[in-house]
Amino acid sequence: MKAEDLKTKTEDELKKMLLDARKEQLNLRFQKANGQLEKTHAMRQTRRNIAKIKTFLSTAQKAA
């Protein structure tokens with residue numbers, strides 16, 4: 001996920017993306033607990049994507 005992609009999104013789209021990323025994070029945690037997680041880097045990427053989305057959401061809310 002790149003910053004240029006997030007700049008073009010509306011606030012509603014960012015909220016939906018945040019919800020999807022959190023669901024993905026939950027699924028990854030379940031996979032890790034069951035020993036089925038093969039791509040361990042996916043947890044780190046998801047956590048960072050959530051942080052990026054939250055950053056753009058807060059800047060969008062401050063601008064409004």
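Of the 64 residues of the protein chain, 19% count as buried, where buried means under 20% relative accessible area, exposed means over 50%, and partly exposed lies in between, with a 1.4 Å probe and protein chains only. The model is predicted, so local features need pLDDT of at least 70 and side-chain atom pairs count only at pLDDT 80 or more, whereas totals for chains, interfaces and linings use all residues. Residues are numbered from 1 along each chain as its sequence is written, and side-chain values use heavy atoms, with hydrogens and water left out.

**The whole chain**

Begin with the full protein chain shown as a cartoon, in which the secondary structure comes to three helices and zero strands, running α-α-α from the N terminus on; helices (H or I, at least four residues) and strands (E, at least two) are DSSP runs, numbered from the N terminus. Measuring tools aside, the C-alpha trace spans about 45 × 15 × 15 Å along its principal axes. If you switch to a surface, the accessible area of the protein chain comes to about 5200 Å², of which 50% belongs to carbon and sulfur atoms; such areas come from the Shrake-Rupley method with a 1.4 Å probe, and for residues only the protein chains shown count as cover. Contacts, meaning heavy atoms within 4.5 Å, are the next thing to consider: among those in the protein chain with a separation of 6 or more, 64% are accounted for by residues 24 or more positions apart.

**Helix H2**

Select residues 11-34, which make up helix H2. The 24 residues of H2 should span 34 Å at 1.5 Å a residue, and the end C-alpha atoms of H2 are 35 Å apart, which agrees; the expected span of a helix is 1.5 Å times one less than its number of residues. Within H2, colour Leu 14, Leu 18, Ala 21 and Leu 28, which are buried, and then show the surrounding elements, since the buried residues of H2 pack against H1 and H3. Just beyond the helix, select Gly 35, which follows H2 and has a positive phi, near 80 degrees.

**Two salt bridges**

Now display the charged side chains, for the structure holds two salt bridges, each being a side-chain nitrogen of Lys or Arg within 4 Å of a carboxyl oxygen of Asp or Glu. Side chains of opposite charge can pair when their charged atoms come close.

- Select Glu 11 and Lys 15, which form a salt bridge with their closest N and O atoms 3.8 Å apart. They are four residues apart in helix H2, and are therefore separated by about one helical turn. Glu 11 is partly exposed at 30% relative accessibility, and Lys 15 is also partly exposed, with a relative accessible area of 43%.
- Select Lys 16 and Asp 20, whose side chains meet in a salt bridge of 3.1 Å, N to O. Both lie in helix H2, four residues apart, about one turn of the helix. Lys 16 counts as exposed at 53% relative accessibility, while Asp 20 counts as partly exposed at 37%.

**Helix H3**

Move to residues 41-63, which form helix H3. H3 has 23 residues and reaches 33 Å from its first C-alpha to its last, close to the 33 Å expected at 1.5 Å a residue. Colour Ala 42, Thr 46, Asn 49, Ile 50, Ile 53 and Leu 57, the buried residues of H3, and note that what covers them includes helix H1 (3-7) and H2.

Next, centre the view on Thr 46, which is found in helix H3 and counts as buried at 3% relative accessibility. A polar contact of 3.5 Å joins the side chains of Thr 46 and Glu 24, a polar contact being a pair of N or O atoms within 3.5 Å; within protein, one must be able to donate a hydrogen and the other to accept it, and residues adjacent in sequence count only if both atoms are side-chain atoms. Leaving aside neighbours within four places in sequence, Thr 46 is in contact with Ala 21, Glu 24, Gln 25 and Leu 28.

For another position in H3, select Ala 51, which is partly exposed with a relative accessible area of 41%.

**The nonpolar core**

Finish with Leu 6, Leu 14, Leu 18, Ala 21, Ile 50, Ile 53 and Leu 57, the seven residues of the largest nonpolar core, that is, a set of buried Ala, Val, Leu, Ile, Met, Phe, Trp, Tyr and Cys residues joined through side-chain atoms within 4.5 Å. The elements that give two or more residues to this core are H2 and H3. Within it, centre on Leu 14, which, leaving aside neighbours within four places in sequence, is in contact with Leu 6, Lys 9, Ile 53, Phe 56 and Leu 57.
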